[in-house]
Amino acid sequence: MPSQIVTLTVNGSPRELIARPSTTLLRALRENLGLTGTKRGCSQGACGTCTVLLDGEPVVSCLVPVVTVDGAEVTTVEGLAGADGGLSPLQQAFLDNFAQQCGFCTPGMLMSSCALLRRTPTPTRDEVCEGLSGNVCRCTGYEPIVAAVLDAADRTREVATQPSAEVGS
Ligand code: FES
Ligand code: FES
């Protein structure tokens, strides 16, 4: 099959690339679009480090042929930061809880956590563990990551319950 033009909305911006049928979403993001925050680990769907949101759902981008998702909306770790470039509450919670060491798994952990918190804003510890079960970390022992996700949920809940006058302060 010949190469084809693929159009995506990536982190809110329209992007276009030419891809072979075998080109994965992971490769397209990293090599065609220069978004190297998404990492390549196993390339077999087993480690989760390549996780991105595809139309809002977490997927391992190493297993998705990009030609099959023409027209889709993709969010990568680069899309988590605020409009001012500052860290999102989830990213800040990872930082504050020492939830990364080498950092290689972190983009995938963040994207899986982001999907989890959108689905379940106040998760239990077990729900966090289940939500991150597809993501492998060789450094942290997972505890700081779980703590970070629970912390992010707490922070979001605190902001949501503040009077509106205080939220913006
Ligand atoms: S690189 Fe995609 S799951 Fe490991
Ligand atoms: S921080 Fe090194 S693999 Fe997770």
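Tyr142 sits in the loop between helix H4 (125-131) and H5. In this predicted model, Tyr142 makes a good starting point, since its backbone has a feature worth a look. Its phi is near 75 degrees, a positive value in a residue other than glycine. Most residues other than glycine have a negative phi. As for its surroundings, Tyr142 is partly exposed, with a relative accessible area of 35%.

Phe98 invites a similar look. This residue lies in the loop between H2 and H3, and just after H2 it takes a positive phi of about 55 degrees, although Phe98 is not a glycine. Is Phe98 buried or exposed? Its relative accessibility is 66%, and because the cut-off for exposed is over 50%, Phe98 counts as exposed.

A positive phi also turns up after H1, where Gly34 follows the helix with a value near 70 degrees.

**Helices and their buried residues**

Let us turn to the helices themselves. H2 has Leu90, Gln91, Ala93 and Phe94 as its buried residues. They cover an arc of only 160 degrees around the axis, so they lie on the same side of H2. An α-helix has 3.6 residues a turn, so residues three or four places apart point the same way.

In helix H1 (residues 25-32), the buried residues include Leu25, Leu26, Ala28 and Leu29. Which strands help to cover the buried residues of H1? Strand S1 (4-10), strand S2 (13-19), strand S3 (51-54) and strand S5 (73-75) are among the elements that do so.

**Pockets**

The two pockets below can be set side by side.

| Pocket | Volume | Lining by residue class |
|---|---|---|
| Largest pocket | about 300 Å³ | 8 nonpolar, 5 polar and 2 charged residues |
| Second largest pocket | about 160 Å³ | 7 nonpolar, 2 polar and 1 charged residues |

The largest pocket has 15 lining residues, and those nearest its centre are Leu90, Cys114, Leu117, Arg118 and Thr156. Leu90 is thus a residue to look at twice, as it is also one of the buried residues of H2. Where does the lining come from? Helix H2 (89-96), helix H3 (106-119) and helix H5 (143-161) each supply at least two residues, and H5 gives the largest share, 4 residues.

The second largest pocket is lined by Gly41, Cys47, Thr49, Cys102, Phe104, Cys105, Val136, Cys137, Arg138 and Cys139.

Technical notes:
Residues numbered from 1 in each chain as written. Chains lettered and ligands numbered in written order. Predicted model: local features only at pLDDT ≥ 70, side-chain atom pairs only at ≥ 80, totals over all residues. Heavy atoms only, no water. 1 Å grid on protein atoms, 1.4 Å probe; cavity = no way out; pocket = protein on both sides within 12 Å on 5 of 7 lines; lining within 4 Å. Points joined across faces, edges and corners; volume = space filled by probe spheres on them. Nonpolar A, V, L, I, M, F, W, Y, C, P; charged D, E, K, R; others polar. Buried < 20%, exposed > 50% of the residue type's maximum accessible area, 1.4 Å probe, protein only. Arc of directions from axis to C-beta. Contact = heavy atoms within 4.5 Å.
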